[in-house]
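Below are some notes for a colleague who is meeting this structure for the first time. They are set out as numbered points, to be read beside the model.

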Amino acid sequence: QVQLVESGGGLVQAGGSLRLSCAASGRSFSGATMAWFRQAPGKEREYVADTRWKNGRTYAAYYAVSVQGRFTIVRANANTVTLQMNSLKPEDTAVYYCAAGVVVGPGGVDNYDYWGQGTQVAVSS
């Protein structure tokens, strides 16, 4: 049984930072894509960032334009991904979800097979 568990969410003031983590279990995600998505109340889920893992290192990283320069996604290992969020804005407030997939294109938003339950991030102004 594959599980993805997010952690690190919380309440922070605008301009502050948070670090989210996602730990996957149940199978190896070596060679797979792991990503972060977010969903604000009343809005659809949106892509944030993703990474590929190959030969023991992060192979590639992609970001949504809305978070470029502020967020950094890091693949700590085959089954762990983090999202360092700096210069947070109120519009970053959302539930952040970790996802993993074997067949996902560069910066892809489709074909994620596994999802976590989400962790809440709230940014106050």
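**Notes on the model**

1. Gly107 is placed in the loop between strand 9 and strand 10 (114-115). The model is a predicted one. Gly107 has a relative accessible area of 27%, so it counts as partly exposed. Apart from neighbours within four places in sequence, Gly107 is in contact with Tyr47, Asp50, Arg52 and Tyr62. As for Ala32, its C-alpha atom is 13 Å from that of Gly107, and the two residues are 75 residues apart along the chain.

2. A second residue in that part of the chain deserves a remark. Asn111 is also found in the loop between strand 9 and strand 10. Its phi is positive, about 70°, although Asn111 is not a glycine. Most residues other than glycine have a negative phi. Asn111 is exposed, because its relative accessible area of 53% is over 50%.

3. Ser87 is another non-glycine residue with a positive phi, here about 50°. Ser87 lies in the loop between strand 8 and strand 9. With a relative accessible area of 42%, Ser87 is partly exposed. A reviewer may wish to look at the backbone of Ser87 in the model, given its positive phi.

4. How many salt bridges does the count come to? The count comes to four. Arg38, Glu46, Arg70 and Asp92 are linked in a network of such bridges, and the next three points go through its pairs.

5. Arg38 and Glu46 form a salt bridge in which the closest N and O atoms are 2.7 Å apart. Is each partner buried or exposed? Arg38 counts as buried, at 5% relative accessibility. Glu46 is partly exposed, with a relative accessible area of 31%.

6. Arg38 also meets Asp92 in a salt bridge, at 2.9 Å from N to O. Arg38 lies in strand 4 (residues 33-39), while Asp92 is in the loop between strand 8 (80-85) and strand 9 (94-101), so this pair ties together parts that are 54 residues apart in sequence. Both Arg38 and Asp92 are buried.

7. Asp92 has a further salt bridge, with the side chain of Arg70, at 2.7 Å from N to O. Arg70 sits in the loop between strand 6 (57-63) and strand 7 (71-77), and Asp92 in the loop between strand 8 and strand 9, so the pair ties together parts that are 22 residues apart in sequence. The relative accessible area of Asp92 is 0%, which makes it buried. Arg70, at 10% relative accessibility, counts as buried too.

8. The structure holds one disulfide. It is formed by Cys22 and Cys98, whose sulfur atoms are 2.0 Å apart. The pair links distant parts of the chain, with Cys22 in strand 3 and Cys98 in strand 9, 76 residues apart. Which hand does the disulfide have? The torsion about the S-S bond is about -80°, so the disulfide is left-handed. Cys22 is buried at 1% relative accessibility, and Cys98 is buried at 0%.

9. Strand 1 (residues 3-7) shows an alternation of side chains. Leu4 and Glu6 point to one face and are buried, whereas Gln3, Val5 and Ser7 point to the other face and are not buried. Strand 1 runs antiparallel to strand 3 (residues 18-25), and five bridges join the two. Across this pairing, Glu6 stands opposite Cys22 in strand 3. Cys22 is one of the two cysteines of the disulfide described above.

10. Tyr63 is located in strand 6 and is partly exposed, with a relative accessible area of 25%. Which residues does Tyr63 touch, not counting those up to four places away in sequence? They are Tyr47, Val48, Ala49, Gln68, Phe71, Thr72 and Ile73. With Ile73 there is a specific approach: the side chain of Tyr63 reaches the backbone nitrogen of Ile73 at 2.9 Å. Thr51 is twelve residues from Tyr63 in sequence, and their C-alpha atoms are 9.2 Å apart.

Methods
Residues are numbered from 1 along each chain as its sequence is written. This is a predicted model: local features need pLDDT of at least 70, side-chain atom pairs count only at pLDDT 80 or more; totals for chains, interfaces and linings use all residues. Side-chain values use heavy atoms; hydrogens and water are left out. Buried means under 20% relative accessible area, exposed over 50%, partly exposed in between (1.4 Å probe, protein chains only). Helices (H or I, at least four residues) and strands (E, at least two) are DSSP runs, numbered from the N terminus. Contact means heavy atoms within 4.5 Å. Two strands pair if DSSP finds at least two bridges between them. A polar contact is a pair of N or O atoms within 3.5 Å; within protein, one must be able to donate a hydrogen and the other to accept it, and residues adjacent in sequence count only if both atoms are side-chain atoms. A disulfide is a pair of cysteine sulfur atoms within 2.5 Å.
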